[in-house]
Amino acid sequence: MKRALLTAVMTVVAAAAVASLASAQVPRMPDGHPDLSGVWWPGRDLQIQPLTASGAQPARPPASGPPAAPRIRPPSFASLYQPWAMEKAKTLGDKDDPSLRCVPVAFGSLNVSLYGLGFVGQIVQTPGFVVMLTETYHSFRLIPTDGRKHREDVLPSFRGDSVGRWEGDTLVVDATNFTDTNWMAAEGVVSFHSDALHIVERYRRVDKNTLEVEATVEDPKVLTGPWKVPTQTLRLAPFDQIMEVGCTGTESAALMEAAAKQNYGKK
Amino acid sequence: MVRRSLAVLGFVVLLGPSAAQAHHSFAAEFDANQPITVQGVITQVRLENPHSWFFLEATDASGKVSKWSFEASTPTSLVRSGVKPGFIKAGDQVTIKGYHARDASQNVGAARELVTADGRAFAVGPTFSPAR
């Protein structure tokens, strides 16, 4: 009993020490807030994988033992559509994706607004602003952290109007004033939203190389309730500058037209 | 030289960062059930936004020359993968592995991997996304 108690205490102490060490590794601004600056991505770029038909199933060992528990997927934005929106979504497909016409997404294809349509973004932090730069489609978000309110004299925009505040070591970013003309994600993932879209994100640099982002998305005009976005873990990239991915792509449009003639993606 | 292999089964979900970096739906242009390997000589490389392109000529056993074009990932990803500007040039012998366009009438594909004449392999395109 004593040994078990001692082990438990030691485990807690060790965990606290690890957490303290990680916290100590977090770079900080002169005002003491964590410095979120850096290029962030999922941890890798393109990678070489065997070329197979998509239908090729990996070999699996014969099933044994009790059946695995069913995998429960978190709800997506579109899965929370109100009935009318669900019906509208059924009429849309790849060819209706606004990003094909170079329109940025309101959120992100990987559920990370910093990435936008792609998978890499850069944060530049100053004492009064956190600047989020997105490589794909070369967009940005300017997030004041001096306590000001949302602007009332700006037009609705693709990426909304953002303000930030610190809750301890967590940066809370509140975004409103979106247009209703883009989608939340790209790649043909039907995810239209309304101008009532409201996104609250919580950024926490848990150690030098790791940034965790939580988000809650509300859109009372199209959703049945808030979408709690699964926590995303971003890694510090081994380079300190993003590049430019602009939008053109006439070849892509022609190929899609040709594919559509074969009834792919046509609804 | 052109090799094709076809298979139509269920989908394997290979979602990852590279899957998401196509700014459009991969599946709307290319057929993930038609992997293709083309060996030939590069005629043009376009490292341009939002997606890069490789153009090459492949010669079959009878001497017939076919022109192929392959859409690849963003130039930023290619540069980070080692395919920097000027690295692949007209006249280079390469092998490109990828997926054929849904429009079977065109010699067009989505490049996934580029292998240079000395056997070095570079990831140049996204993992396909499952149908949604």
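Q: Just starting here: how many C-beta neighbours does Asn177(A) have inside 10 Å?
A: Asn177(A) has 18 C-beta neighbours inside 10 Å, so it counts as partly exposed. That label sits between buried (20 or more other C-beta atoms within 10 Å of a residue's own) and exposed (12 or fewer), with C-beta atoms placed from the backbone.

Q: And what kind of model and numbering is this?
A: This is a predicted model, in which local features need pLDDT of at least 70 and side-chain atom pairs count only at pLDDT 80 or more, while totals for chains, interfaces and linings use all residues. Residues are numbered from 1 along each chain as its sequence is written, and chains are lettered from A and ligands numbered from 1 in the order in which they are written.

Q: Where does Asn177(A) lie, and what is its phi?
A: Asn177(A) lies in the loop between β6 (170-176) and β7 (198-207) of chain A, and its phi is positive, about 60°, although it is not a glycine. Helices (H or I, at least four residues) and strands (E, at least two) are DSSP runs, numbered from the N terminus.

Q: What about Cys102(A)?
A: Cys102(A), which is not a glycine, has a positive phi of about 70°, and it is found in the loop between α2 (83-89) and β2 (121-125) of chain A. Cys102(A) counts as partly exposed because it has 13 C-beta neighbours inside 10 Å.

Q: How many helices and strands are in chain A?
A: Chain A has 3 helices and 9 strands, and 34% of its 267 residues count as buried.

Q: Switching to chain B, which peptide bond is cis?
A: The bond from Asn49(B) to Pro50(B) is cis, with omega near -5°, and Pro50(B) is in the loop between β2 (30-46) and β3 (53-59) of chain B.
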